[in-house]
There are 2 protein chains.
Amino acid sequence: MTAYTSYPQFYVSVDCVIFGFADGHLKVLIHQRPYAPGQGEMSLIGGFVQTNESIDTSAKRILKEFTGLDNVYMQQLATFGEVERDPGERVISIVYFALINVNDYDSTLSDIHNAKWVDVDSLPTLCFDHNDMVQKARHTVGETIKTEPIGCNLLPRYFTLSLLQTLYESILGTPIDKRNFRRSISEKDYIQATDMVDRSSSRRGATLYKFTSRNT
Amino acid sequence: MTAYTSYPQFYVSVDCVIFGFADGHLKVLIHQRPYAPGQGEMSLIGGFVQTNESIDTSAKRILKEFTGLDNVYMQQLATFGEVERDPGERVISIVYFALINVNDYDSTLSDIHNAKWVDVDSLPTLCFDHNDMVQKARHTVGETIKTEPIGCNLLPRYFTLSLLQTLYESILGTPIDKRNFRRSISEKDYIQATDMVDRSSSRRGATLYKFTSRNT
DNA sequence: TCAAAAGTGTTAATAGTACACCCATGA
DNA sequence: TCATGGGTGTACTATTAACACTTTTGA
């Protein structure tokens, strides 16, 4: 039980890159750090691992605290462990990213945590190595969305193909040909048309689609 | 400086999935765990993070201790943090994988550490969650080798195309068509022929190739 | 009637897959 | 002379990329 006592112990934190999609842009939830070091700087959502929880559980707890959400698509990204990454104390940080529907987000929590959604393409300077974390997370989301229907986690239940395309474009950072996009999407079996029509964004109206299995 | 004192601290270990290639098979270096818990069980190469080193540095140090090697291809894989993953104490383990040339391996270290190379396809039961670590590492190596010339780290400086193909087959776990393999490899610019011939494995002799830039 | 977004097919290029025989040599 | 591994090309299929016009409808 005590074979390890000669080894040092460390604070271990979890930082979450929480992605959302709004106004045609990929967004990240950040907040003002409430304590030193870096007090007042902008920061990813994070917290410390507790003794009674696994790191996955810890990530879910933190996400719930800041968004009000359970059952969210979440994935471990990487662990950041430079000695001086946190100028206060040595903290090893395990980074997760999450994809959430911003409409489900409990916006009353914004005030409590000084949190806000910012466009991933115009992110301010964040504390410590948090900008690196976002960059890496964004890259991974981009690679993943090419093959997996993870977009369902960022969109409302019903959505138009134009919105879906805008989502892909904002994640990948490149324009996509409309016809090629629609063909490739329809060859997969992720989504299906409904008989509903959205008239809010065009006179003609656009067919509303839904994901076939709402995978969390 | 003391804003974090109310949070718990943890032992943080690094476990390394060290891959080598010998006898036409992908191998992993494992050893007999010298201390409790799990004393005597087979284990990945690992150690504890020290206060004065980053986690990357820690991984390199551990690799050097067990193989004698510096400047090795190494990549962080994932962090394992179930509460009870180590039955002795709570230990959060950051996993790296490394690709080394088994000929460079200092085999005198085998005796010191009770280490041996075992075929990745007939791995014994390892302690804790180490089998999961190997499985995940192998998957990542397989994905990576499809697009990156990481094979150079597993092979001797000069090698035949047959050996290279065997390497790919052993990593991917599937047979590959010889002509297609040779074409696809020659379309990339990873490797170039030398004027040397290897006669050790065939009467006719096979052209020896080398990687164009020896990336570590 | 027109502005604005929705919707729709074809062609060319590229990448990937399947497949079988001759070559050079030492024993 | 023959057994062994080395070396080579072609046809088919699937995937990806490029590209422009018609439809619907509310203002």
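The following exchange goes through a predicted model of two protein chains and two DNA strands, asking what each description rests on.

Me: What makes the relation of chain A to chain B that of a two-fold axis?
Reply: A rotation of 180° with 0.0 Å of shift along its axis superposes chain A on chain B, with an RMSD of 0.1 Å. That is how a two-fold axis relates two copies, which is why the term applies. The same surface serves both copies, since 100% of the contact residues of chain A recur in chain B.

Me: How do you know how much area chain A and chain B bury between them?
Reply: The size of an interface is often given as the accessible area lost when the parts come together. For chain A and chain B that area is about 3300 Å², with 60% of it on carbon and sulfur atoms. Tyr4(A), Gln9(A) and Tyr11(A) supply 23% of what chain A buries against chain B, more than any other three residues. In terms of contacts, 37 residues of chain A meet 37 residues of chain B.

Me: What is the count of salt bridges between chain A and chain B?
Reply: A salt bridge needs a side-chain nitrogen of Lys or Arg within 4 Å of a carboxyl oxygen of Asp or Glu. Between chain A and chain B the count is 0. Polar contacts are another matter: 15 residue pairs, both members at pLDDT 80 or more, are in polar contact across this interface.

Me: Which strands of chain A each supply at least two residues of the side that touches chain B?
Reply: They are β1 (11-22), β4 (73-80) and β5 (91-99) of chain A. The largest share, 4 residues, comes from β4(A). By class, the side of chain A that touches chain B has 20 nonpolar, 11 polar and 6 charged residues.

Me: Which residues are closest to DNA strand D?
Reply: Being near a strand requires a heavy atom within 4 Å of it. For DNA strand D, 18 residues surround the strand, and the closest are Arg204(A), Ser162(B), Lys178(B), Arg204(B) and Thr207(B). Sugar and phosphate account for 34% of the strand D atoms that come within 4 Å of the protein.

Me: What makes the approach of Lys178(B) to DNA strand D a polar contact?
Reply: The cut-off is a pair of N or O atoms within 3.5 Å. An N or O atom in the side chain of Lys178(B) is 2.6 Å from a base nitrogen of DNA strand D, so the pair qualifies. Arg204(B) also has a side-chain N or O atom 2.8 Å from a base nitrogen of DNA strand D. For Arg183(B), a polar side-chain atom lies 3.2 Å from a base oxygen of that strand.

Me: Which element gives the most to the surface near DNA strand D?
Reply: That element is α5(B), with 4 residues. The elements that each supply at least two residues are α5 (178-187) of chain A together with α5 (178-187) and β9 (206-211) of chain B. The residues of this surface divide into 1 nonpolar, 6 polar and 11 charged.

Me: Which residues come nearest to DNA strand C?
Reply: Of the 19 residues around DNA strand C, the nearest are Ser162(A), Lys178(A), Arg204(A), Asn180(B) and Arg204(B). A base nitrogen of strand C is 2.9 Å from a side-chain N or O atom of Asn180(B). Arg204(B) has a polar side-chain atom 2.6 Å from a base oxygen of strand C. Thr207(A) places a polar side-chain atom 2.9 Å from a phosphate oxygen of strand C.

Me: What classes of residue form the surface near DNA strand C?
Reply: There are 1 nonpolar, 6 polar and 12 charged residues. Here α5(A) gives the most, with 4 residues.

Me: Where is Pro37(A), and what kind of peptide bond runs to it from Ala36(A)?
Reply: Pro37(A) sits in the loop between β2 (25-32) and β3 (42-48) of chain A. The bond from Ala36(A) is cis, with omega near -5°. In chain B, the bond from Ala36(B) to Pro37(B) is likewise cis, with omega near -5°.

How values were computed: Residues are numbered from 1 along each chain as its sequence is written. Chains are lettered from A and ligands numbered from 1 in the order in which they are written. This is a predicted model: local features need pLDDT of at least 70, side-chain atom pairs count only at pLDDT 80 or more; totals for chains, interfaces and linings use all residues. Side-chain values use heavy atoms; hydrogens and water are left out. Copies are superposed by least squares on the C-alpha atoms of residues with pLDDT of at least 70 in both. Contact means heavy atoms within 4.5 Å. A polar contact is a pair of N or O atoms within 3.5 Å; within protein, one must be able to donate a hydrogen and the other to accept it, and residues adjacent in sequence count only if both atoms are side-chain atoms. Ala, Val, Leu, Ile, Met, Phe, Trp, Tyr, Cys and Pro count as nonpolar, Asp, Glu, Lys and Arg as charged, and the others, Gly among them, as polar. Buried area is the accessible area (1.4 Å probe) that two parts lose on being put together, summed over both.
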